[in-house]
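User: I'm new to looking at protein models. Could you walk me through how to read a few features?
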Amino acid sequence: MDCIFCKIIKGEIPSYTIYEDDLITVFLDINPSTNGDCLIVTKEHYENFLDIPEDLINHIHKISIKIYSILKEKLNIDGITLIQNNFYGQDIKHYHVHLTPRYKNDKLTHSYNKEDLLELKKIFEKIKSA
Ligand code: AMP
Ligand code: ZN
């Protein structure tokens, strides 16, 4: 399969791997938003959150906490944001969780078109409609 993350896991493409065990690998994101931005990637190829087994999600949660502690100690991070993209917005179709360290002085924002948004009441009615 022509999957870049599978290739990293097999050692065919280099990465800055900061942690690994039997189930997951954690490496630095090649295009970081902040210092220490990294990805938890499953060793087995699952495409997205519909495919991944629940016990593996639990494991990833535990590892997120471990990585947070490491980054807190080594990089003195102030917070951490977890993001996991699926379908639209997911560039690499191999399940992964972004761990993005936050720093009090980082200027990280996410941009969106506030003007295009519907009123909350309208959205609520659409979601709750029969
Ligand atoms: P997503 O859009 O959620 O699929 O995110 C894919 C992420 O993988 C992006 O943040 C990329 O910067 C990152 N990425 C792509 N190729 C590599 C690579 N060879 N090594 C490390 N990170 C990568
Ligand atoms: Zn893969």
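Analyst: Sure, let's start with a definition: a residue is buried under 20% relative accessible area, exposed over 50%, and partly exposed in between (1.4 Å probe, protein chains only). Here, lysine 43 is partly exposed, at 27%, while leucine 50 is exposed, at 61%. This is a predicted model, where local features need pLDDT of at least 70 and side-chain atom pairs count only at pLDDT 80 or more, though totals for chains, interfaces and linings use all residues. Residues are numbered from 1 along each chain as its sequence is written, chains are lettered from A and ligands numbered from 1 in the order written, and side-chain values use heavy atoms, leaving out hydrogens and water.

User: How many salt bridges does the structure hold?

Analyst: A salt bridge is a side-chain nitrogen of Lys or Arg within 4 Å of a carboxyl oxygen of Asp or Glu. The structure has four. In one of them, glutamate 20 pairs with lysine 43 (2.7 Å, N to O). Glutamate 20 sits in strand S1 and lysine 43 in the loop between S3 and H2, so the pair ties together parts 23 residues apart in sequence. Helices (H or I, at least four residues) and strands (E, at least two) are DSSP runs, numbered from the N terminus.

User: And is aspartate 106 buried or exposed?

Analyst: Aspartate 106 counts as buried, at 18% relative accessibility. Its side chain meets that of arginine 102 in another salt bridge, also 2.7 Å from N to O. Arginine 102 is partly exposed, at 27%.
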